[in-house]
Amino acid sequence: MAKHLDDQRLCFIVEWYEELAARIRQFQFFYFVESMAVEMYDIKCRRLFLRTTLEENDLKVPDLYIGNNIQVCGRMLKIVDFGDEYTRRHVVPMTERTLGMLKPDGVDKLGQVLDLIWQKGYHIVRLRKCRIDRILAMEFYKAHTGKPYLKDLLDAIISGPLVVFEMVGPQVISMWRDTIGPGDPAVARKEAPNSLRAQYGTDIFHNAVHGSKTAEAAAREIEFFFPKLSPMPPNTAEVGNCTCCLVKPTAFKAGHAGKIVMAIMEAGFRVGAVQLISLEKANAEEFLEVYKGVVHEYTAMVTELSSGPCLALELTAPEDAPPIGPAFRQLVGPPDPEIARTLRPRTLRAVFGIDKAKNAVHCTDLEEDGQLEVEYFFRVLDR
């Protein structure tokens, strides 16, 4: 494929785990901004590994940040470093990071907030629902130590679960702060009536959402909730009368996650736990093994589930309530979106699905598998 001489080239170091050889291989990964083409060079063998080709997954510059997993020609690559100083200077401003949070009084607005984040063009790279105790809360709010309002801050943030998420994008810190509005919802309703705190907050301690104030604060807060070495605050999975839901990668990347979550909650389902997860191909094969040799689309289903981040949800009901799985399968609809659009046009797969593999939402098929699937995503993969 011919390249324009003025097509800006970015260079990264990426790693790929080669399953057959059970080894990690390292490559220079080149991304051409105008054409969105990619090229790979094998560092150890000192030869071209992948000739310049258009990338089917529609990679954008904000996707190219250190630590992200990207899929290229069926291979899951992890970006581990910049390949040159030019790329570092160009990409760092495009991949500014911040922490967003739905506080206990704002957690029930998860769908609306996810949808707004998509509309604003922000890029969520990590998300999970968790709880923190008073000791952790004091660590998070240590900058307020000695302040007369500290107890009220602590009481508010430990009163229930949180949804925390890391976002990446140009000027995302200031843009997210503008989106959430002033700290006092009463002030927000006067000065920024469309802001999240104006819409969902009640008082200065129960103002629904949080956003990092500076780059330094963002780095500290991201490390607090998504630490590299120490354990993360525990997730909120209950693993009782539950079923599993996955917003699949194609639907998530298309910006449908917020609308899907809103539809689920409006239908009366309670979200016990939620987490953004990127599955390796081996994990996808393990999770979907029950379909191997049973459905024709098995290989395509594995490819879809390992093609990018998916939003995993535990949906729960009281222990003495009827099993939750059958009711949720009714909301999701038939596996084939075309059939769903004909027979049950208001179901999730009818509205958001493309084909049998990219049908937007996975739901637990067998009632007895509900707990197993929830445990897989929120116990096994969350370690």
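Helices (H or I, at least four residues) and strands (E, at least two) are DSSP runs, numbered from the N terminus. The model on screen is predicted: local features need pLDDT of at least 70 and side-chain atom pairs count only at pLDDT 80 or more, while totals for chains, interfaces and linings use all residues. Residues are numbered from 1 along each chain as its sequence is written, and side-chain values use heavy atoms, with hydrogens and water left out.

**Whole chain**

Start with the protein chain in cartoon view. The protein chain has 16 helices and 14 strands. Along the principal axes, its C-alpha atoms fill a box of roughly 65 × 50 × 35 Å. The radius of gyration is taken over C-alpha atoms, and the globule rule is 2.2 Å times the number of residues to the power 0.38. For 383 residues a compact globule would have a value near 21 Å, and the 22 Å of the protein chain agrees with that.

Next, switch on the surface. Accessible areas come from the Shrake-Rupley method with a 1.4 Å probe, and for residues only the protein chains shown count as cover. The protein chain exposes about 18,800 Å², of which carbon and sulfur atoms supply 54%. In this text, buried means under 20% relative accessible area, exposed means over 50%, and partly exposed lies in between (1.4 Å probe, protein chains only). Of the 383 residues, 49% count as buried.

A contact means heavy atoms within 4.5 Å. Among contacts between residues at least 6 apart in sequence, 66% join residues at least 24 apart.

For charges, Lys and Arg count as positive and Asp and Glu as negative; His and the chain ends are not counted. The place of a charge is taken as NZ of Lys, CZ of Arg, CG of Asp or CD of Glu. The protein chain has 47 positive and 52 negative charges, and their mean positions are 3 Å apart.

**Stop 1: Tyr31**

Select Tyr31, which is in strand 2 (residues 23–32). Tyr31 is buried, with a relative accessible area of 1%. Leaving aside neighbours within four places in sequence, its contacts include Gln8, Arg9, Leu10, Val38, Leu59 and Leu64. Now add Tyr41: the two residues are 10 apart in sequence and 12 Å apart in space, C-alpha to C-alpha.

**Stop 2: Gln171**

Go to the loop between strand 9 (162–169) and helix 5 (172–180), where Gln171 is found. Gln171 has a phi near 55°, a positive value in a residue other than glycine. This residue is exposed, with a relative accessible area of 54%.

**Stop 3: Ile222**

Select Ile222 in helix 8. With a relative accessible area of 9%, Ile222 is buried. Beyond its neighbours within four places in sequence, Ile222 is in contact with Arg97, Thr98, Leu99, Arg126, Glu166 and Pro227. A distance label to Met167, 55 residues apart along the chain, should read 9.8 Å between C-alpha atoms.

**Stop 4: Val239 and the cysteines**

Val239 sits in the loop between helix 8 (215–225) and strand 11 (241–247). Like any residue listed with a positive phi here, Val239 is other than glycine; its phi is near 50°. At 15% relative accessibility, Val239 counts as buried.

Now show the cysteine sulfurs. A disulfide is a pair of cysteine sulfur atoms within 2.5 Å. By this rule the count is 0 disulfides. For Cys242, which is in no disulfide, the nearest cysteine sulfur is that of Cys244, 8.5 Å away. Cys242 counts as buried at 3% relative accessibility. Cys244 is in no disulfide either; its nearest cysteine sulfur belongs to Cys245, 7.0 Å away. Cys244 is buried, with a relative accessible area of 0%.

**Stop 5: Ala251**

Select Ala251 in helix 9 (residues 249–253). Ala251 is buried, at a relative accessible area of 4%. Not counting residues up to four places away in sequence, Ala251 touches His256, Ala257, Ile260 and Ala360. For a long label, add Leu136: this residue and Ala251 are 115 residues apart in sequence and 34 Å apart in space, C-alpha to C-alpha.

**Stop 6: Leu381**

Finish at Leu381, in the segment after helix 16 (370–380). Leu381 counts as partly exposed at 25% relative accessibility. Leaving aside neighbours within four places in sequence, Leu381 is in contact with Ile277, Leu279, Asn283 and Tyr376. The C-alpha atoms of Leu381 and Asn283, 98 residues apart along the chain, are separated by 9.1 Å.
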